[in-house]
Amino acid sequence: MTGNGPRPTTANPPSPEGGFAVVVVAAGSGTRLGHGIPKALVPLDGRPLLEHALRGVAEAGIADRVLVTVPAGDVDLSALARAHGALPVTGGASRAASVRAALAVLERTAPGCTAVLVHDAARCLAPPAVFRSVARRVRSGARAVVPVLPVADTMRRVDEAGRSLGTVDRTVLRAVQTPQGFDLALLCAADRAAAEAGTDPETVTDDASLVETHAPGVVVQTVPGHEHAFKITRPLDLVLAEAVLRGRAPGAVGAVPVAAGPSTATTPAAIPATIPEER
C-alpha cells in the first residue's frame with residue numbers, strides 16, 4: 001500500500017468544551033524497527049507513523065493544543081508536526097523526560113489548559129473514539145484515566161532462574177494503552193515529585209504509573225481500549241498495521257470495526273473484549 005497525494009489536516013481543531021491538550025510522544029529512536037531513522041518517521045502506507053497519529057488526534061476533535069516531542073536536533077518530525085498544526089518540543093533521553101519537557105511548555109504557555117492526554121506516536125492507529133472516551137471520563141471528574149484491554153495469553157510468574165512460580169489469574173490483568181488522560185496540575189505535580197525523589201526516568205513506562213507512585217491518593221480509572229491501539233515496535237508490528245489499514249479501507253471485505261465504546265467500566269472485570277461506538 002502506498003499513500004498518494006497530500007492529506008492536509010490540522011491536529012488541533014477547536015474543542016467545544018475546551019481546556020484539553022494532547023502530547024504525542026515521538027522522540028523514540030526506533031532501533032528495533034531497523035529503519036535507521038526515528039521511529040515516528042518510519043513509513044506506514046507511505047506516510048510516517050507520526051502523521052497517522054496526528055490524523056487520529058485531529059479526527060477525535062478534543063484538543064485545543066497539540067504538542068509533539070521530537071529528538072534533539074530533529075528537523076523532519078518538527079516540520080511534520082507544524083504542518084499538522086502541532087507544536088514540536090525537544091524531548092529527552094527517555095519517554096519520561098520527553099513528557100516532562102512537554103508539560104513544562106504547557107505550564108508556561110497554556111494557562112487555560114486544565115487537562116492533558118499523553119499518547120505514543122507508536123500507537124498511531126488508536127481510533128479517535130478512544131481519545132473521546134478518555135476525554136469524556138476526565139471531563140466527568142476522573143483525574144487519571146487509562147484505556148485497557150483484557151489479557152489473552154496465559155501469564156506466569158518466574159524467578160530469577162527462569163523457573164515457573166505458577167500461573168497468574170489473567171482475569172484481573174489488563175494491557176494498558178494510550179492515550180492516557182490526566183488533570184494537568186496532577187500530572188505536573190507527580191512529575192515534579194518524581195524528579196525530586198530521584199526516580200530513574202528509564203523505569204517510568206507510562207504516565208499512570210508515575211501518578212500511582214507519586215500521587216498515591218489518586219485512583220487511576222480505566223476505560224475500554226481497542227485492539228488497533230497496539231504499539232508498533234518491531235517489523236512484524238508494521239505488517240499488522242498494514243493489515244489494519246487495509247481492513248479500514250472503504251469497501252474492504254471483512255473490515256475490522258475501529259470504534260471504541262462506553263466509558264462506564266470502572267473495574268477490570270467490567271471491560272468487554274468487543275466495544276461498540278458510544279453515541
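**Helix packing, a buried histidine and three loop residues**

The axes of α1 and helix α4, residues 128-139, come within 8 Å and cross at roughly 55°. This is a predicted model, and I will start with that pair of helices. Angles under 35 degrees count as roughly parallel and 65 to 115 as roughly perpendicular, with the rest, short of antiparallel, called oblique. The helices α1 and α4 are therefore oblique to each other. Their crossing is right-handed. Which residues meet there? On the α1 side they are G56, V57, E59 and A60, and in α4 they are P128, F131 and R132.

Helix α1, residues 49-60, also helps to cover another helix, α7: together with β2, residues 43-44, it is among the elements over the buried residues of α7. Helix α7 runs from 235 to 248, which is 14 residues, and spans 20 Å from its first C-alpha to its last, close to the 20 Å expected. Its buried residues are D237, L238, A241, E242, V244, L245 and G247. As a reminder, an α-helix has 3.6 residues a turn, so residues three or four places apart point the same way.

Next, H119, which sits in strand β6, residues 115-120. Is H119 buried or exposed? Its relative accessible area is 1%, so H119 is buried. What surrounds H119? Leaving aside residues up to four places away in sequence, H119 touches V23, V24, V25, A126, F131, T178 and P179. F131 came up a moment ago, on the α4 side of the helix crossing. With T178 there is also a polar contact, side chain to side chain, of 2.8 Å.

T178 leads to the next point. The peptide bond between T178 and P179 is cis, with omega about 10°. P179 itself is in the loop between β10, residues 174-176, and β11, residues 180-183.

Two more loop residues to finish. D45 is in the loop between β2 and β3, the latter being residues 47-48. Its phi is near 55°, a positive value in a residue other than glycine. D45 has 10% relative accessibility, and the cut-off for buried is under 20%, so D45 counts as buried.

G34 is in the loop between β1, residues 20-25, and β2. At 63% relative accessibility, G34 counts as exposed, because the threshold is over 50%. How far apart are G34 and T233 in sequence and in space? They are separated by 199 residues in sequence, and by 9.8 Å from C-alpha to C-alpha.

Notes. Residues numbered from 1 in each chain as written. Predicted model: local features only at pLDDT ≥ 70, side-chain atom pairs only at ≥ 80, totals over all residues. Heavy atoms only, no water. Helix = DSSP H or I, 4+ residues; strand = E, 2+ residues; numbered from the N terminus. Expected span 1.5 Å × (residues − 1). Buried < 20%, exposed > 50% of the residue type's maximum accessible area, 1.4 Å probe, protein only. Contact = heavy atoms within 4.5 Å. Polar contact = N/O pair within 3.5 Å; in protein donor to acceptor, adjacent residues only side chain to side chain. Axes fitted to C-alpha atoms, helices over the stretch in contact; angles between N-to-C directions. Parallel < 35°, antiparallel > 145°, perpendicular 65-115°, else oblique. Left-handed = near helix turned anticlockwise from the far one by under 90°.
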